[in-house]
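User: Hi! I would like to go through this complex with you, one question at a time. Could you take a look at it with me?

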Amino acid sequence: MQEQSREGFGGERSAHGESVSAGGASASGASAGGASAEGSAAEDAVILTGVSRNFVDRSGRTIHALRDVSLRARRGSVLAVVGPSGCGKTTLLEMLCGLQQPDAGSILAPPAALMPQRDLLLPWLSALDNAALPLRIAGAPKAAARAKAEPLFAELGLEGFERARPSELSGGMRQRVAFLRTLLSGKPLLCLDEPFGALDAITRMQMQRWLSEALRHERRTVILVTHDVEEAVLLGDRVAVLSKRPGEVTADLTVDAPRPRARSQQAVIELRERALRALGLEDELR
Amino acid sequence: MSKRVADALPAVALVLLLLGGWELYVDLGGVDPVLLPAPHGIAVAAWQDAGTLWHNTQITLKEVALGLTLAVIAGFALAIAIHLSSAIRKAVYPLAVGSQALPFAILTPTLAFWLGFGILPKLIVIGLICFFPVAVSTVDGLSAADPDQLKLLRTLDASRWQAFRFTELPSALPSVLTGARIALVVAWIAAFIAETSSPTVGPYAGLGREIMVALNTSETAPAFAATAVLFVCAIVSFNALALVERRLAGWARPRPGENR
C-alpha cells in the first residue's frame, strides 16, 4: 500500500511501524478493552501521534482546534470520531486528506478520499457523472468512467437516477451519490465527515443501515466523524470521543458487538452510555 | 404559445399607452414634427423607407452578430487569462476599464487606415465596447466557484486544469451568459457608435448612419423609424439569447416537472 507521511513543523518524522507513544493521559484513561495495545503497528493504516492544530482568528487570537490527539485505525476498520460541534473533527479529516498540516505531531495515513459534510455534488453534472468524477480526474474517458460507475448505481438503490441532476435527488440519494464518488476515488482510506448530519431522522437510520452494509462489501479503512454517539457505536469498530475545543481524546472505546448492530442491543446501549459519559453528558442518561 | 402571448401582454399594453400619450401630446400640443414626430408620422416614414430600412437593418444585424461574437470570445479569453494569472490581471484590468472611456471618434480614422472602410473597423469598435461586461462578469464567475468544491477536487488529486475544467468553468457559465446578455443589449448602441464614428463609403451603412444622415437633413421621422427598428432588434435578440441560456445552463435554475 502506498503510505504517505505528513509532519507538522514541530513533528518528528515517525517511521511506519515505530511504536506510537500515548497521546496523553486522557487517551488511555477511558480506553475500553485496550485495543490500542493489541495488534502490530503494521496493521494500523492510520496513526496519529500527538497531533495539534491551531488557528488564528480575525482578532489575532490563537484558537486551539485540536490538542495532542493520538489515534490509530486498523486497516479495514471503521474508526468513529464523535464529539461536540466545533471540536475540530473536520480539521482532523482535512489533515488526513492532506488539505491542512498539523502544527505539531505526525500523521501517518494512506491516500484518503473525503466525503464532505455538504455533498458538494456538481450541479451541472448528472448523478452518474458526479459519481464517476474521480475516474475522470484519474484520466479515464467519459464513457469508460460511466461504465465503471453505472453498475454501482443499482447496488446503492439509485438505478433509474443515473441521468438526474443533483437538484432532482432527495437528500439521502445525494449522500449515496457522494459516497459512491468517495468509493470510486479508489483510495484506501475514506474520511466521512458527518455524512448523515443533514438528513431527517428516518432517512438517517436507513442510511446508517445502508452504510454498514456497504462497508461490509467494500473493505476500506474508514474514519467516520459524527456528532451522533449512537451512530458512532452502530457503525464504528472503535469510537474515539473528542472533547470540546480544544479537541482532545477523552475516550477510545472498542466496539466488539457483531454487525449488523441494533440500537436496542445491550452492548450498543452500554457503549453509548460510556461515550456519553466521556462527553460529559451523563445527565442526559437519566 | 398562449402563455407567451400572456407574458408579452403587459409590455404591449405599456407600449400602446406610451404611443397613445405621445400621439396626443404631438397632435394636440402643437409640437413641431421636425422636433418630435408623432407615432403615426414615424409609421408612415417607416412604410415609405421600408426598403432602405430593411437593407440597413441587415447591415447592422450583421455588425452586431459578428461584433458580439468577437466581444464574447475576447472577453471570455481575457477573463480566463486574468483569472489564471495575477500578473495579467494587474497588467490588463486597468487598461480594460480605461478602454470603456474611449471616445471612439479618436480611434476610427486609424482603424479605417489599417482595416479599410468596410465592416472590420466597426467590428473592432463594437468588440471594444462589448467585451467589457463579458470579461468582468466572467472573472467574477470564475472566482465565485465554491471553495469547498475546489477543496474536494484537491482531495481527488485534480490538477489545476482539471479544477478549472470541472468546477470553475462550469460554475462561471451563468455569469458568462449574464455578461453576454448585457453585451448584447449594449451592442446595438455600440453599432450606432461604430457606424456614426467610422468613415464610410457608399449610401448604405447601417441603421446608425441612416439615423445620423436623416437627422442632419432634419428628416426626423425616418430617423425615428430607424430608431424603432433598433429598439425592436434589442428586445428580440435579448429574448433569443435567454433561450440559449436556458439550454446551456439549465442546471442553474430549477426545472420543475422535468426528470432525467
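User: What is the mean pLDDT of chain B?

Analyst: Happy to help, and please keep in mind that this is a predicted model, in which local features need pLDDT of at least 70, side-chain atom pairs count only at pLDDT 80 or more, and totals for chains, interfaces and linings use all residues. Residues are numbered from 1 along each chain as its sequence is written, chains are lettered from A and ligands numbered from 1 in the order in which they are written, and side-chain values use heavy atoms, with hydrogens and water left out. The pLDDT is the predictor's confidence in each residue, from 0 to 100. In chain B, 95% of the residues reach 70 or more, and the mean is 88.

User: Where in chain B is the pLDDT below 50?

Analyst: One stretch of chain B falls there, and beyond near neighbours in sequence it has ten contacts in the model (contact: heavy atoms within 4.5 Å). Where pLDDT is low, the predicted coordinates should not be read in detail. The stretch to treat with care is residues 254-260 of chain B.

User: And over which residues of chain A is the pLDDT below 50?

Analyst: Chain A has a mean pLDDT of 80, with 84% of its residues at 70 or more. Its stretch below 50 has 81 contacts in the model beyond near neighbours in sequence. That stretch is residues 1-40 of chain A.

User: What ipTM does the predictor give the complex?

Analyst: The predictor reports two values for the complex. The pTM is 0.76, and the ipTM is 0.75.

User: How many helices are there in chain B?

Analyst: Helices (H or I, at least four residues) and strands (E, at least two) are DSSP runs, numbered from the N terminus. Chain B has zero strands, and its C-alpha trace spans about 75 × 55 × 30 Å along the principal axes. The number of helices in chain B is ten.

User: How much area is buried between chain A and chain B?

Analyst: Buried area is the accessible area (1.4 Å probe) that two parts lose on being put together, summed over both. Here 25 residues of chain A are in contact with 22 residues of chain B. Carbon and sulfur atoms give 59% of the area buried between the two chains, which is about 2,200 Å².

User: Which three residues supply 30% of the area that chain A buries against chain B?

Analyst: No other three residues of chain A supply more of that area. They are Leu99(A), Trp124(A) and Ile137(A).

User: Which element of chain A gives the most to the side that touches chain B?

Analyst: There are eight residue pairs in polar contact between the chains, both residues at pLDDT 80 or more (a polar contact is a pair of N or O atoms within 3.5 Å; within protein, one must be able to donate a hydrogen and the other to accept it, and residues adjacent in sequence count only if both atoms are side-chain atoms). On the chain A side, strand 6 (112-115) and helix 4 (133-137) each supply at least two residues. With four residues, the element that gives the most is helix 4 of chain A.

User: How many salt bridges are there between chain A and chain B?

Analyst: A salt bridge is a side-chain nitrogen of Lys or Arg within 4 Å of a carboxyl oxygen of Asp or Glu. Arg118(A) forms one with Asp148(B), the closest N and O atoms being 2.9 Å apart. The structure holds 15 over all chains, and the count between chain A and chain B is four.

User: Why does the salt bridge of Lys151(B) and Glu94(A) join two chains?

Analyst: The side chains of Lys151(B) and Glu94(A) meet at 2.8 Å, N to O. Lys151(B) lies in helix 7 (residues 147-155) of chain B and Glu94(A) in helix 2 (residues 89-96) of chain A, so the pair joins two chains.
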